[in-house]
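Student: Please take me through one part of this model in detail. I would like a single loop residue as the starting point, and then whatever surrounds it.

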Amino acid sequence: MSTKKYGDKQEGESWKILTHSKLLSATGEFDVESIQFLNLASCEIEDISALGNCLNLVRLDLRKNEISILNPLRNLKLLTTLNLSANRISNIDALASLEMVSDLNLSGNLIGSFERVQCLKSIDTLQKLRFYDSINKLSNPICHNISYEDKIMKILPSLVMLDGMKLKGGGSELFRICADLDKQIKNETTFGPVEERAIPGSWLMPGYFSLPTKNNKEDYATSEFKETLDECRRINNAAKEHVSSLTK
């Protein structure tokens, strides 16, 4: 089992085409099927064909590359977390076979049709999805549609979180009320709707792609609890601001 960020690249060496030897060099493994956690961010990768044999991958980070074709990922049935942000992806049909993915980041790509999103309906485990990232200023053409959130929720009604915003669970109802109030306020202005988005939380906690420790379960539970508290405080403050603005 290995979890290692690419970093052993020799000066002048090209990583545009990912190969088995490069994967083994980056992870220290003797067999690509032994790799479970892999971070290949910012490697200028274009061709990911070699990943098709990494059958035991659980977490994969491919952000900030030059990837456009995802077909090799079809075989990665054990993937639970996949970061494909900041690439050149317009077709995500290959992701339909990733039956265990729960966290998927596609922000900063070229997805321009809601029809492309339909393929994700087959992933029953999908809970967290990101097409838009305001912190890193990453988006997709579909995010500019005025009904973007509503259309995504209609296609994927089981989503728990979209673009860092909670759709279900604790605090989701209050967030929905605040969102509705925000829409009403925008529609009442004579200058037309103003495009504003709340700042989402981090997609993954620091060190997520590191090997789990023996205290992993306790740390995860504590982290989730703190995240829920922070979300409640943020939503409470947002509600106060909306109520205050309506009473002025």
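Tutor: Start with Leu-110. Setting aside neighbours within four places in sequence, Leu-110 is in contact with Arg-88, Ile-89, Ser-90, Asn-140 and Pro-141. Keep in mind that this is a predicted model. Leu-110 sits in the loop between strand 5 and helix 2. Its C-alpha lies 5.5 Å from that of Ile-89, although Leu-110 and Ile-89 are 21 residues apart in sequence.

Now follow one of those partners, Arg-88. Arg-88 forms a salt bridge with Glu-66, and the closest N and O atoms are 2.4 Å apart. Glu-66 lies in the loop between strand 3 (59-61) and strand 4 (81-83), while Arg-88 lies in the loop between strand 4 and strand 5 (103-105), so the pair ties together parts that are 22 residues apart in sequence. How exposed are the two ends? Arg-88 is partly exposed, at 48% relative accessibility. Glu-66 is partly exposed too, with a relative accessible area of 31%.

Side chains of opposite charge can pair when their charged atoms come close. How many salt bridges does a search of the whole structure find? The search finds three. Here are the other two.

Arg-116 pairs with Asp-93, with the closest N and O atoms 3.3 Å apart. This pair links distant parts of the chain: Arg-116 is in helix 2, Asp-93 is in the loop between strand 4 and strand 5, and they are 23 residues apart. Arg-116 is partly exposed, with a relative accessible area of 31%. Asp-93 is partly exposed, at 31% relative accessibility.

Arg-63 and Asp-61 also meet through their side chains in a salt bridge, at 2.7 Å from N to O. Is each end buried or partly exposed? Asp-61 has 2% relative accessibility and counts as buried, because the cut-off is under 20%. Arg-63, at 27%, counts as partly exposed.

Arg-63 leads on to Ser-85. Ser-85 lies in the loop between strand 4 and strand 5. Outside its neighbours within four places in sequence, Ser-85 is in contact with Leu-62, Arg-63, Lys-64, Asn-105, Ser-107, Asn-109 and Leu-138. Ser-85 counts as buried, at 5% relative accessibility. Its side chain makes a polar contact with the side chain of Asn-83, at 2.8 Å.

Next, the nonpolar side. The largest nonpolar core has 51 residues, and Leu-51, Leu-95, Leu-120, Phe-131 and Ile-152 touch the most other members. Three elements give two or more residues to this core: helix 1 (20-27), helix 2 (114-117) and helix 3 (148-155). Helix 3 supplies the largest share, three residues. Take Leu-120 from that list of well-connected members. Beyond its neighbours within four places in sequence, Leu-120 is in contact with Ile-92, Leu-95, Leu-104, Leu-126, Leu-129, Phe-131 and Leu-156.

Which residues of helix 3 are buried? They are Tyr-148, Ile-152 and Ile-155. These residues cover an arc of only 65 degrees around the axis, which puts them on the same side of helix 3. Their cover includes helix 2, strand 6 (128-130) and strand 7 (161-162). Helix 2 is also the element that holds Arg-116.

Compare helix 1. Its buried residues are Lys-22, Leu-23, Ala-26 and Thr-27. Seen down the axis, they fall within an arc of 120 degrees, so they line one face of helix 1. Gly-28 follows helix 1, and its phi is positive, near 80 degrees.

Finally, place all this in the chain. There are five helices and eight strands. From the N terminus on, the order is β-α-β-β-β-β-α-β-α-β-β-α-α. Buried residues make up 40% of the 248 residues. Of the contacts between residues at least 6 apart in sequence, 48% join residues at least 24 apart. The chain exposes about 13800 Å², and carbon and sulfur atoms supply 52% of that area.

Back to the starting point. Leu-110 touches Arg-88, and Arg-88 in turn is bridged to Glu-66.

How values were computed: Residues are numbered from 1 along each chain as its sequence is written. This is a predicted model: local features need pLDDT of at least 70, side-chain atom pairs count only at pLDDT 80 or more; totals for chains, interfaces and linings use all residues. Side-chain values use heavy atoms; hydrogens and water are left out. Helices (H or I, at least four residues) and strands (E, at least two) are DSSP runs, numbered from the N terminus. Buried means under 20% relative accessible area, exposed over 50%, partly exposed in between (1.4 Å probe, protein chains only). Contact means heavy atoms within 4.5 Å. Accessible areas come from the Shrake-Rupley method with a 1.4 Å probe; for residues, only the protein chains shown count as cover. A nonpolar core is a set of buried Ala, Val, Leu, Ile, Met, Phe, Trp, Tyr and Cys residues joined through side-chain atoms within 4.5 Å. The arc is that of the directions from the helix axis to the C-beta atoms. A salt bridge is a side-chain nitrogen of Lys or Arg within 4 Å of a carboxyl oxygen of Asp or Glu. A polar contact is a pair of N or O atoms within 3.5 Å; within protein, one must be able to donate a hydrogen and the other to accept it, and residues adjacent in sequence count only if both atoms are side-chain atoms.
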